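Welcome, and thanks for stopping by. Shall we walk through this one together, one question at a time?

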Amino acid sequence: MIGKTRRCPEINLARVLADRAKRCGDKPAVVFEGQRYTYREFDASVGRYAALLRKMGIKKGDRVALQLPKGMEFIFFHLAALSLGAVTLPLNTAYAPEEIAYFLFDSESSLFITDRQRFARVHKELAKAAGTRTYLLDDASPDGFGPLAKELAGVEGAQDPRDYPARGDDIAMICYTSGTTGKPKGAMITHRNLVCNLLALQEVWRWTERDVLLHVLPLFHVHGLAVALHGGLCAGSTIIMHARFDPERAWAAIEKEKCTMFMAVPTIYHRLLNAWEAVKPDLRSMRVFISGSAPLPENLFAQFEDATGFRLLERYGMTEAQMIASNPFDPARRIPISVGYPLPGVQIRVVSPSGQDVPPGEVGEVWVKGDNVFSGYWRNPEKTRESFVEGWFRTGDLGRQDPADQLRLYLVGRAKELIISGGYNVYPREVESVLEQHRAVREAAVFGVPDEDLGEKVTAVVTLQKGAPEVPSGELISFCRQRLAGYKCPKEIFHLEELPRNAMGKIQKDMLQKMFSGAGSQ
Ligand code: MLC
Ligand code: AMP
């Protein structure tokens, strides 16, 4: 075991950020696609959005689901909801209507905030979440509320309702994650999880109000939301935010805005490296480039350093446990393929299948404990029980600790069947069960094959029902697209007469991986 516990303040995350805004006043907080908000303006907007949510009847414990394009509205609604003690559900904009309906139904969300375009796709499915009201930013909403500008004007001058009734172990967010079996589960993340993790990151990454962070990640995952956005605001930094990632534009912004920090997934670093020669920006303002959410290949680490002179700082995290470990700030101590040491307040064990600590240097499952660890899965005591052993959270990641370097952690694989494609998680079982709904498909096996850009590429093999006519792969991919977010859909689908199985009857995915790595479309 490595790492120490420490006390975390009992405070509402939105309160922490509002207090920081008071101290930062006229300093720019967020610059989003040309819209510039000082901390004072930012905080006033959160207050106005809170007044609107209060008018809509939102109160402590209510779930508020957000499926919005990246932008200030998402941020203001999210923080406004937290400041009233409500719980937010940040939803990936790529989720298919069936997925959205399930999340709203399962979470019993009181309110679903989206826009006209997304509502048009999802509204037929919403009948499944009958108790959820919908608010549309840019149109008249089904229950009588008008577009955002009109509603915000209506609460202008209203008393600031932010009373921060939730804190400590109260839930702040429910983030849905899929799994190897069953339906996606809602990870309940508390105010304590978020606040203590931010304080740890500030310390380890020396994050201060002098920093200027370039933000290119989506806001609906822990990386872009709980680390980059909350972290930047909590430190009193300025956040330069792009609606979507574009490598040339990102390099140019770092130079123009004199950025000091950047954080991204390895796919983004790979694309930045490809664009390096074309832009060659002046990086003298930069302090640190941070990578996480997926394994950072050793050659990418080396090539990035050769081109830019910066050693990427790799860290390890997970929706359920926020940020767990990080390489040290000192560049000389950043080692490729290692995720470093536990963050302050985080404890790590590496454990055998029988639940014993393995000797340092041997591979086992990474278990985590600390104020960063979530409080369980929403209304799913069985999955929660399976995920914890005596207060230790089982990450499903396989790691090894270096006995010669203060138990520095290396991740070597996963005990869970998971594909990480461009930093997004794809659980094979979810995709297989969609493919198996197709009338011609008898069985499907989904796995990741190595991909230079995405890290792993979702790939499928199917066998067909007896007598079924050949189905083109394109048709099967379209079938998946109607039911799953685009990034979960196989990029390639191959056909076999039979799936290879071992003596126990289990499909040999490692064999399929070898057969189809580097194969072309069929
Ligand atoms: C997009 N597409 C992907 C994809 N992203 N396919 C596979 N894997 C991905 N990651 C597909 C879309 O379905 C679409 O297909 C096409 O690519 C173009 O979509 P896009 O949105 O324009 O893509 P692009 O801008 O190229 O996005 C690539 C990316 C993005 C790398 C910028 O994937 C990204 O932002 N990834 C970061 C994910 C992240 O934040 N993860 C953190 C999880 S939290 P088509 O055919 O429909 O056009 C976590 C904890 C921790 O893991 O430790 O941080
Ligand atoms: P998510 O469920 O989207 O939060 O993804 C969490 C998973 O991403 C972890 O369990 C790891 O498998 C993986 N992950 C995050 N950071 C890293 C990293 N630096 N190296 C390898 N895997 C990582």
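What follows is a conversation between a visitor and a guide about this predicted model.

Visitor: To start with the whole protein, what radius of gyration does it have, and why does that value agree with a compact globule?

Guide: This is a predicted model, so everything here is computed from it. The protein has 522 residues, and a compact globule with that number would have a radius of gyration near 24 Å. The value for the protein agrees with that expectation, because it is 23 Å.

Visitor: What share of the residues counts as buried?

Guide: Buried means under 20% relative accessible area. The C-alpha trace spans about 70 × 55 × 55 Å along its principal axes, and the protein has 15 helices and 25 strands. Of its 522 residues, the share that counts as buried is 59%.

Visitor: Is helix H7 largely enclosed or not, and how many of its residues are buried?

Guide: Helix H7 covers residues 191-205, and its end C-alpha atoms are 21 Å apart, which agrees with the 21 Å that its 15 residues should span at 1.5 Å a residue. H7 is largely enclosed by the rest of the structure, because the buried ones among its 15 residues number 13.

Visitor: Which residue just after H7 takes a positive phi?

Guide: H7 runs over residues 191-205. Just after H7, a positive phi of about 50 degrees is taken by Arg 206.

Visitor: Is Leu 476 buried or exposed?

Guide: Leu 476 lies in helix H14, residues 473-483. Its C-alpha is 9.6 Å in space from that of Ala 440, with the two residues 36 apart in sequence. The cut-off for buried is under 20% relative accessible area. Leu 476 is at 0% relative accessibility, so it counts as buried.

Visitor: Let's turn to the ligands. How much of ligand 2 does the protein bury?

Guide: Several polar contacts involve ligand 2. One of its oxygen atoms is 2.6 Å from an N or O atom in the side chain of Asp 397, and a polar side-chain atom of Lys 416 lies 2.7 Å from an oxygen atom of the ligand. Taken alone, ligand 2 exposes 500 Å², and the part of that buried by the protein is 91%.

Visitor: Which element gives the largest share of the shell around ligand 2?

Guide: The shell around ligand 2 divides into seven nonpolar, four polar and five charged residues. Strand S13 (313-318) and strand S20 (408-414) each supply at least two residues of that shell. The largest share, five residues, comes from S13.

Visitor: How much of the accessible area of ligand 1 does the protein cover?

Guide: A polar side-chain atom of Arg 244 lies 2.8 Å from an oxygen atom of ligand 1. A nitrogen atom of ligand 1 is 2.6 Å from an N or O atom in the side chain of Ser 421, and a nitrogen atom of the ligand is 2.9 Å from a polar backbone atom of Gly 423. On its own, ligand 1 has 1,000 Å² of accessible area, and the protein covers 74%.

Visitor: Which element supplies the largest share of the shell around ligand 1?

Guide: The shell around ligand 1 divides into seven nonpolar, nine polar and five charged residues. Helix H10 (266-279) and S13 are the elements that give two or more residues to this shell. The largest share, three residues, comes from S13.

Notes. Residues are numbered from 1 along each chain as its sequence is written. Chains are lettered from A and ligands numbered from 1 in the order in which they are written. This is a predicted model: local features need pLDDT of at least 70, side-chain atom pairs count only at pLDDT 80 or more; totals for chains, interfaces and linings use all residues. Side-chain values use heavy atoms; hydrogens and water are left out. A polar contact is a pair of N or O atoms within 3.5 Å; within protein, one must be able to donate a hydrogen and the other to accept it, and residues adjacent in sequence count only if both atoms are side-chain atoms. Accessible areas come from the Shrake-Rupley method with a 1.4 Å probe; for residues, only the protein chains shown count as cover. Helices (H or I, at least four residues) and strands (E, at least two) are DSSP runs, numbered from the N terminus. Ala, Val, Leu, Ile, Met, Phe, Trp, Tyr, Cys and Pro count as nonpolar, Asp, Glu, Lys and Arg as charged, and the others, Gly among them, as polar. The expected span of a helix is 1.5 Å times one less than its number of residues. Buried means under 20% relative accessible area, exposed over 50%, partly exposed in between (1.4 Å probe, protein chains only). The radius of gyration is taken over C-alpha atoms; the globule rule is 2.2 Å times the number of residues to the power 0.38.
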